[in-house]
Every structure is written in C-alpha cells, then in structure tokens.
Amino acid sequence: MSRYAVDPLTALQAKEQAQKLAFAPIAFQAAQSLRELGILAVLDAAGPTGLSAQQIAERSGVSEYGAKVLLDMGLSTLVVTQGGDNYVLARLGHFLLHDAMTRVNMDFTADVCYRAMSHLTETIRSGRPEGLREFGDWPTIYEGLSRLPEKARKSWFDFDHFYSDKAFPELLQRIFAERPKTIVDIGGNTGKWSLQCCAHDEDVHMTIVDLPRQLALALDNAREHGFEARIQGHPMNILDDSQPLPAEADIWWMSQFLDCFSPMEILRILRRIRAAMRPDASVYILELFWDRQHFEAAAYSLNATSLYFTCLANGNSRFYHSKDMLDIVEEAGFVVAEQVDDIGLGHTLLRLRAG
C-alpha cells in the first residue's frame, strides 16, 4: 500500500500540524538566523552542559533579547533543548550546523526560493514563473543564471552539484563500460560531467549542448582544466527546432536536465534526439524521481523543489513520478534497456535504445 493512501493523523494531530504549517516560514527563518548568527556554533562548542541566554549572547555578539527570542523558537522547533537556565544544542540543531545536505538545502531555499515563493499562487494561475521577477526579467531562470546575485548563484550551483556529484563515481564506471569515444552532454551546465569524463578516459571527446551564456562558462572551465582539445561547445536552445543537434555521438547524456521541461517539451526533446542519433547509440537519462525514494524526507524535498521549478525556473516543469517519465520515453520511440535506482543520493539512471 502507498504510504500516502491513508491519513496518518488524528484530528488533534492534524490541527497541531496545521499550526506548524501556518508559522513554517517564521520557523525556517529562525533556524537560519540561529545558524547565521553563530548561536548554534556557540552551543555546539559548549557541549552537553549548554549555556545561559546571557552567556550565549556574550559569546555570539547577539543581544540577549535577540538570543532569547530565537532560542525560544528553537525550543518549539526542537533545534535546542533546555535544562534549568541553560540551552543545549539538540540533534536537529547539530544537523542544521554540520550536515552538508541540510546546509545546501537551506541555503537554496533562503537565497533562491524564499522571496519568489510569495508568487506561487499567481504562478499556478498564469503558468509562468512569476517568482523570477525577484531576480530579473527573463523568461526562465536558465537565461539568467550567470546574472543572479552572487549569493543566490552560489547557492543555486551548490544545490545543483551536491546531488549530481555524489553519483559521479558509479556513473563513470557504468557509462565507460560501453567504451564510448564521443559523448554529447545535453544541458552541460558548468561542464562538471564533461570534465569528469575527460579525467576518467583520456580518449573520450565531449560535446556540451547548452544556452550560449551557460556554455561560455563550461568552456572556460574546460580550458582551465586543460581539456579544451577534447571538450567542444554546441550553443543552442534545445526547444528551437531550427537549431540542429550535433550529428554524431556514441552516447547522448542528460543529467538532471529533463526535469527542467514540461512533459510535451520532454517529448519534443527526446524525439529530436531519436531522429539525430545513430541506431547503435545509447541515450542515458539521470533523474531524481520522487516515487523512487526510500525516505519520506527525500520525497518531501523533491516535491518541494518541484515548486522551485514552478515558481522560478520556467513555470511548467518538476521532479517527475517515474511512470510519467517512462510513458514519455516510450511515446518518443525508445525502449528502456536498463534502469538502475539508488545511485548517489537517490538518482535513477535510464539507459535507452531506439525502439
């Protein structure tokens, strides 16, 4: 039975959770402030005996009033505990301070998504990423990535790379088992995957397909790492049918790329690749599917991130249920030759062949 098939809450529990949702943005900001103001670090250093509010204020440089209101909210959100007059860092607070995944997710939410989410209702009504106006006047966030404010840009790339990077070691072994000589990296972003491939195999040649502004950054990175002879760029908008795809490849690669498009756009992209590829070539899709996650927190995170796609990225994409993607793959004329779950931090790898 699906874990979502039955309402797990009593009426009293549901009402309690409703109040937590009502104040969730405030709770998030309090947790962020506890971390950014150094209060969590001060408590971490103090150990299990903890510190009084006055001691915390002195050691963090925050007023005692400021420390108290944040710490009391921290009690309600289980970030800290209290014994007598002393506050103590709780397990949840430890993860807020030390866990890399939590830090990346919180920074992405705070620096990229937070203000934009106030436009979510408007976005759902219009079908356009209305929250993007908080950063600039672009049709999608991808045209504006290189022009985001530095803090937001860093948090965006840290978030994007954190999940894909964890999957690289296993992926390289799987991909190069086919001994490819040429790989087309569609939506290559900063070129991280292409750089990994060139470092792994001294004979492979990469072609990165991406928007011109983003491609320029990827090619700069290729030159910086000494791979300019084996990494070339193919500037294009993948949705512009007048711009041709590269003509030759052993492998066509898309990592966390198709989630940036609507179902009909994904179908168009896959059909374009199907028409351009050699009959013996392979197409690899690396994606995060919310229904393939072992932990509820992972599915929760992916469904929340889907609303980033809605409100900021383009207004019509998301992290998909695996069945939805597989239906599109079949309609595009592909068969799934291999499907591997649980790569890295929850990725699924699809290897496709022309049907």
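**Exercise 1. How many helices and how many strands are there in the chain?**

Solution. The model is a predicted one. Counting along the chain gives 14 helices and 10 strands. To set the scale, take the C-alpha atoms along the principal axes: they fill a box of roughly 70 × 50 × 40 Å. The chain has 355 residues, of which 48% count as buried.

**Exercise 2. Which residues have the most contacts inside the largest nonpolar core?**

Solution. Begin with the core itself, which has 57 residues. Trp252, Met254, Leu270 and Tyr308 have the most contacts inside this core. A second, separate core of 27 residues includes Phe176, Cys197, Ile208 and Leu219.

Next, take Trp252 and leave aside its neighbours within four places in sequence. The residues in contact with Trp252 then include Val184, Ile186, Leu245 and Pro246. Also among them are Ser282, Val283 and Tyr284. These last three residues lie in strand β8, which spans residues 282-288.

**Exercise 3. Which residues of helix α10 are buried, and what do they pack against?**

Solution. Helix α10 covers residues 192-200. Its buried residues are Trp193, Ser194, Leu195, Cys197 and Cys198. Their packing partners include two helices, α9 (150-175) and α11 (212-224). The strands they pack against are β4 (182-186), β5 (205-210), β6 (231-235) and β7 (251-255).

**Exercise 4. Why is strand β8 described as largely enclosed by the rest of the structure?**

Solution. First look at burial: seven of the seven residues of β8 are buried, so the strand is largely enclosed by the rest of the structure. Now sort the side chains by direction. In a regular strand the side chains alternate between the two faces of the sheet. In β8, Ser282, Tyr284, Leu286 and Leu288 point one way, while Val283, Ile285 and Glu287 point the other way. Both sets are buried, Glu287 included.

Finally, consider a partner strand. β7 pairs with β8 in the parallel sense, over five bridges. In this pairing, Ser255 stands opposite Leu286.

**Exercise 5. In what order do the strands of the three-stranded open sheet stand, and which of them are at the edges?**

Solution. The order is β1-β3-β2, and the pairing is antiparallel. β1 (51-52) and β2 (80-83) stand at the edges. Each has a single partner strand, so one side of each is left without a neighbour in the sheet.

For β2, the partner is β3 (residues 86-89), joined to it by four bridges. Thr81 of this pair stands opposite Val88 in β3.

Methods
Residues numbered from 1 in each chain as written. Predicted model: local features only at pLDDT ≥ 70, side-chain atom pairs only at ≥ 80, totals over all residues. Heavy atoms only, no water. Buried < 20%, exposed > 50% of the residue type's maximum accessible area, 1.4 Å probe, protein only. Core = buried A, V, L, I, M, F, W, Y, C linked by side-chain atoms within 4.5 Å. Contact = heavy atoms within 4.5 Å. Pairing = 2+ DSSP bridges.
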